[in-house]
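This report describes the fold of one protein chain, from its overall composition to single residues. The sheet is treated at the greatest length, followed by one helix and a few loop positions.

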Amino acid sequence: MSHSLTPRDEGRLPALSAPPLIRLDAYVAEDGSTVVNGHLLEMGGRRQPNEAILDAVAMFARTLGAPVAATVIDRTAQQVARLRVYPDGSSRTIADEDDLPPGLERTAAEEEAFPPLARVERIIQHAQHEELHAAFVLASALREHLTLRRGAEDELSLEARAIEAYLAYLRSDYTLSITLALTVARIRSRTDLNRAAPDVARATAAWQRLMDERQVATRGQELLHMWERLSAEGLLLEPSHQAMAQAVRSRLEQGGRSMPPSAAAPALTAGQGPLAPEDKPLKPTRRGLRRFTRWPGRSAESSA
């Protein structure tokens, strides 16, 4: 909102029982790192991620003077939790069918309030300051929520995944980097083959760093299928891409680890590819999740 919430504004604010106006997003990484609306929270002492999230969302609800909805992707519990949080600090979990209608109109309003590009800029700033863990967690949160809202094949979702793959590469986590980058390459090859070569190249760069023999073979065979398809379509134009394609072929041949078609990853011509592990469906939301349910007046400080 562009104006401050002074007492004279109260007549224009929705009643406390009104439906939430906008949905915030939160993310808990596997290591407990916690993000709310693209900001990494400071988790001092023994503070739990669920309490930190509820405090942050309740603060927003108090500022707005109305209930706020929130979608929490919690990788520690492998679950998506959907919440209603009220200005008095209380909260309750809701079922999927009770959540705000997703609709393009609401998605656009939410992303206008919390622009993905502004989040990308924050990620880049962390990376430039060599704060790679923070940058990676923020990129993971962005990609997960964009994928949940827009789908894995959406352009913004793809760009966020590509950023996440690059940050994993910078962190020397080449196994995760190749997993993420290959997912981008698979999707791009299926939906827009003319733009796929740079994504296959990024996946190849991560693959070249792999040491595990089985992964070298399985991932390399899939990459080889991708490069061969691009070549067959006359899209292998860049000399650097041609060199990468040859490097994949040579490494597989020299190592003698080129796998037979039945054991190799599926060719892209099938139009399908396995989802990355992080895209496996999370548990459906259910009512009454205790860690996200708070009685009126209760806060992290009062419960400590």
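Two strands are taken as paired if DSSP finds at least two bridges between them. The model discussed here is predicted, and the bridge partners below are to be read in that light. In β4, the residue bridged to D25 is T71. A26 has its bridge partner in β4 as well, namely V72. These two residue pairs belong to the pairing of strand β1 (residues 23-28) with strand β4 (residues 68-74), which is parallel and extends over six bridges.

**Overall composition**

The protein chain contains 10 helices and six strands. Of its 304 residues, 48% are buried. The accessible surface comes to about 15600 Å², and carbon and sulfur atoms account for 53% of that surface. Among contacts between residues at least 6 apart in sequence, 68% join residues at least 24 apart.

**The sheet**

The six strands form an open sheet of mixed pairing, in the order β3-β2-β1-β4-β5-β6. β3 (39-40) and β6 stand at the edges with a single partner strand each, so one side of each has no neighbour in the sheet. Helix α4 (residues 132-150) packs on this sheet, where it touches β1, β2 (34-36), β3, β4 and β5. The direction of α4 makes about 130° with that of β1.

How many of the six residues of β1 are buried? Six of the six are, and the strand is thus described as mostly covered. In a regular strand, side chains alternate between the two faces of the sheet. In β1, R23, D25 and Y27 point one way, whereas L24, A26 and V28 point the other way, and all of these residues are buried.

Besides its parallel pairing with β4, β1 pairs with β2 in the antiparallel sense over three bridges. Within that pairing, Y27 stands opposite V35 of β2. The two strands form a hairpin with five residues between them, and G32 in the turn has a positive phi of about 90°.

A second hairpin is formed by β5 and β6, again with five residues between the strands. Strand β5 (residues 79-85) and strand β6 (residues 91-94) run antiparallel and are joined by four bridges. L83 stands opposite T93 in β6, and G89 in the turn has a positive phi of about 95°. L83 can also be related to D98, a residue in the loop between β6 and α2 (104-113). D98 and L83 are 15 residues apart in sequence, and their C-alpha atoms are 9.7 Å apart in space. D98 has a relative accessibility of 27% and therefore counts as partly exposed.

**Helix α9**

Helix α9 (residues 239-255) has 17 residues, and at 1.5 Å a residue it should span 24 Å. Its end C-alpha atoms are 24 Å apart, which agrees with that expectation. Which residues of α9 are buried? They are H241, M244, A245, V248 and L252. Seen down the axis of α9, these buried residues fall within an arc of 100°, so they line one face of the helix. The buried residues of α9 pack against α7 (197-207) and α8 (213-232). On the other side of α9, P239, E253 and Q254 are exposed.

**Backbone geometry in two loops**

Most residues other than glycine have a negative phi. Two non-glycine residues with a positive phi, E130 and S172, are set out in the table.

| Residue | Phi | Loop | Relative accessibility |
|---|---|---|---|
| E130 | near 60° | between α3 (116-128) and α4 | 69% |
| S172 | about 65° | between α5 (155-170) and α6 (174-191) | 45% |

Are E130 and S172 buried, partly exposed or exposed? The cut-offs place a residue as exposed over 50% relative accessible area and as buried under 20%, with partly exposed in between. E130, with a relative accessible area of 69%, is therefore exposed. S172, at 45% relative accessibility, counts as partly exposed.

Definitions and conventions
Residues are numbered from 1 along each chain as its sequence is written. This is a predicted model: local features need pLDDT of at least 70, side-chain atom pairs count only at pLDDT 80 or more; totals for chains, interfaces and linings use all residues. Side-chain values use heavy atoms; hydrogens and water are left out. The expected span of a helix is 1.5 Å times one less than its number of residues. Buried means under 20% relative accessible area, exposed over 50%, partly exposed in between (1.4 Å probe, protein chains only). The arc is that of the directions from the helix axis to the C-beta atoms. Contact means heavy atoms within 4.5 Å. Accessible areas come from the Shrake-Rupley method with a 1.4 Å probe; for residues, only the protein chains shown count as cover. Axes are lines fitted to C-alpha atoms, for helices over the stretch in contact, and angles run from 0 to 180 degrees between N-to-C directions.
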